[in-house]
Amino acid sequence: MNKTQDSRPETQVTNYQLPITSYQSPGLRLNKCRQIRAWLRNAIRNYLGPDADWVQDHIGNCPRCHRRFVSVGKINLALSLVKSQPHKPDLLMRANSQAIGVLKHSLREAPKAQKLKSMRPEPKLLEICSMHKSSATNIAACIAILFLMKTSIFSFMDTFQAQGQKAVRQYYVNHVGEDLANDIFGS
Amino acid sequence: MLDKAVGYGLIWDLGVCETVDKSQQWILSAMQRHGPELVTILWRILGNEQDVCDAYQSTFLQLAHCWSGGKPEHTKAYMFRTASNVAVSILRRRLAERERLSAAIVDKADVSPPANELDSKYLQERLRCCIARLPEHLRNVITLRDLAELSYAQIGRMLGISAATARVYRCKAIQLLSLWMNKEERDRL
């Protein structure tokens with residue numbers, strides 16, 4: 001009677017799901033589904049993709065597949081060549097000017113139109129961020145070290161050292177006597 | 001009386017003009033927002049700056065005059081598809097013109113492919129020729145995926161198909177392109 005909707009059996013295993021050990025929120029489950037999908041995709045790509053060993057072996061021995069593989073590679077190469085050719089930086093400006101020239105007078109005279117006529121392509125935020133990726137990583141690493149110094153890890157190291165010293169001192173006390181141990185450890 | 005009527009008419013005209021101006025401001029906003037991407041895709045399809053400017057102009061002209069001057073529901077999709085179609089038309093016209101000229105000036109058998117097959121310009125031109133020959137549904141996908149670098153999900157939304165279908169179309173397009181490029185190569189040899 002008192003069972004709520006959230007209560008679930010301790011372990012659920014179906015033929016398509018991984019075991020759910022305890023109740024998980026929908027967001028968490030969605031994340032897990034996404035992870036599994038990505039994992040499956042990678043596994044399939046690794047085993048059935050063009051880079052898989054058995055595929056490469058076959059391509060090496062079969063002239064027909066070899067020809068096909070080479071021709072697809074050539075298309076990909078041509079596509080990358082097309083993408084790698086940059087245009088002049090003022091092309092956007094010229095294209096905007098030409099396009100605005102055929103719009104109606106009221107649009108041609110708008111302040112925005114004047115701005116567009118002198119517009120140049122700007123890198124996207126992601127591209128700008130990727131340029132500073134390494135320096136951002138370095139800064140993040142420094143901050144992490146500082147944080148660790150300030151908090152747990154270094155204080156833990158100190159405690160560990162003190163405990164070790166205490167154990168060694170106890171060993172000396174037991175075996176050579178307290179006086180000698182005090183002389184050695186200076187207390 | 002006449003003066004008054006003319007005066008009211010001018011005021012009315014000014015009012016209408018301002019309304020139209022405001023209602024079509026979205027064209028400039030669309031140009032600002034999607035212009036750089038459009039120029040990039042047009043440049044990749046055409047590879048010629050003057051043609052890029054012409055195709056860009058035609059795209060915005062069509063955008064301004066379609067839907068009776070109103071804004072289409074999916075502006076980006078409309079712009080990308082229009083730009084792609086205009087660019088392919090220009091490309092086809094250019095290729096036809098080139099073929100006609102080359103047939104008139106020199107015998108085709110005299111034109112040999114460059115010694116270095118990996119000559120980038122030659123390869124790019126051949127690819128552009130083959131893309132222009134592709135059926136529309138395959139061409140749209142290859143243009144949006146490989147030249148505009150959009151995701152399959154975005155392409156699906158733009159073309160009204162699923163992402164998986166877009167993936168299949170791209171695969172078919174690549175197969176056709178490789179077949180045609182190989183055939184061309186064999187014919188020349």
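How many helices and how many strands does chain A have? In this predicted model, chain A has 10 helices and zero strands. Read from the N terminus, its elements run α-α-α-α-α-α-α-α-α-α. Chain A contains 187 residues, and 7% of them are buried. If you like to think in contact maps, take the contacts in chain A with a separation of 6 or more: 24% of these join residues 24 or more positions apart.

Let's look at one pair of helices in chain A. Helix 9 (residues 152–176) and helix 10 (residues 178–185) of chain A pack at an angle of about 145°, and their axes are 7 Å apart. Their crossing is right-handed. On the helix 9 side, the residues that take part are Arg169(A), Tyr172(A), Val173(A) and Val176(A); they meet Glu178(A), Leu180(A), Ala181(A), Ile184(A) and Phe185(A) of helix 10. By class, this contact has seven nonpolar, no polar and two charged residues.

Now move to helix 4 of chain A, which spans residues 91–101. Its buried residues are Leu91(A), Leu92(A), Ala95(A), Asn96(A), Ala99(A) and Ile100(A). They lie on the same side of helix 4 of chain A because they cover an arc of only 155° around its axis. The spacing along the sequence fits a general rule: an α-helix has 3.6 residues a turn, so residues three or four places apart point the same way. What covers these buried residues? The cover includes helix 5 (105–108) and helix 6 (111–117) of chain A, along with helix 2 (25–46) and helix 3 (49–65) of chain B.

That brings us to the contact between the chains. Here 32 residues of chain B are in contact with 27 residues of chain A. On the chain B side, helix 1 (2–23), helix 2, helix 3, helix 5 (120–133), helix 6 (136–147) and helix 8 (163–188) each supply at least two residues. The largest share, nine residues, comes from helix 2 of chain B. Sorted by class, this side of chain B has 20 nonpolar, eight polar and four charged residues.

Helix 2 of chain B also appears in the largest nonpolar core, which has 54 residues: this helix gives the core its largest share, 10 residues. The residues with the most contacts inside the core are Leu42(B), Val52(B), Tyr56(B) and Ala87(B). Leaving aside neighbours within four places in sequence, Leu42(B) is in contact with Val52(B), Ala55(B), Tyr56(B), Ala83(B) and Ala87(B). In soluble globular proteins, nonpolar side chains tend to be buried together.

Key. Residues numbered from 1 in each chain as written. Chains lettered and ligands numbered in written order. Predicted model: local features only at pLDDT ≥ 70, side-chain atom pairs only at ≥ 80, totals over all residues. Buried ≥ 20, exposed ≤ 12 C-beta atoms within 10 Å, placed from the backbone. Helix = DSSP H or I, 4+ residues; strand = E, 2+ residues; numbered from the N terminus. Arc of directions from axis to C-beta. Contact = placed C-beta atoms within 7 Å. Core = buried A, V, L, I, M, F, W, Y, C linked by C-beta atoms within 7 Å. Nonpolar A, V, L, I, M, F, W, Y, C, P; charged D, E, K, R; others polar. Axes fitted to C-alpha atoms, helices over the stretch in contact; angles between N-to-C directions. Left-handed = near helix turned anticlockwise from the far one by under 90°.
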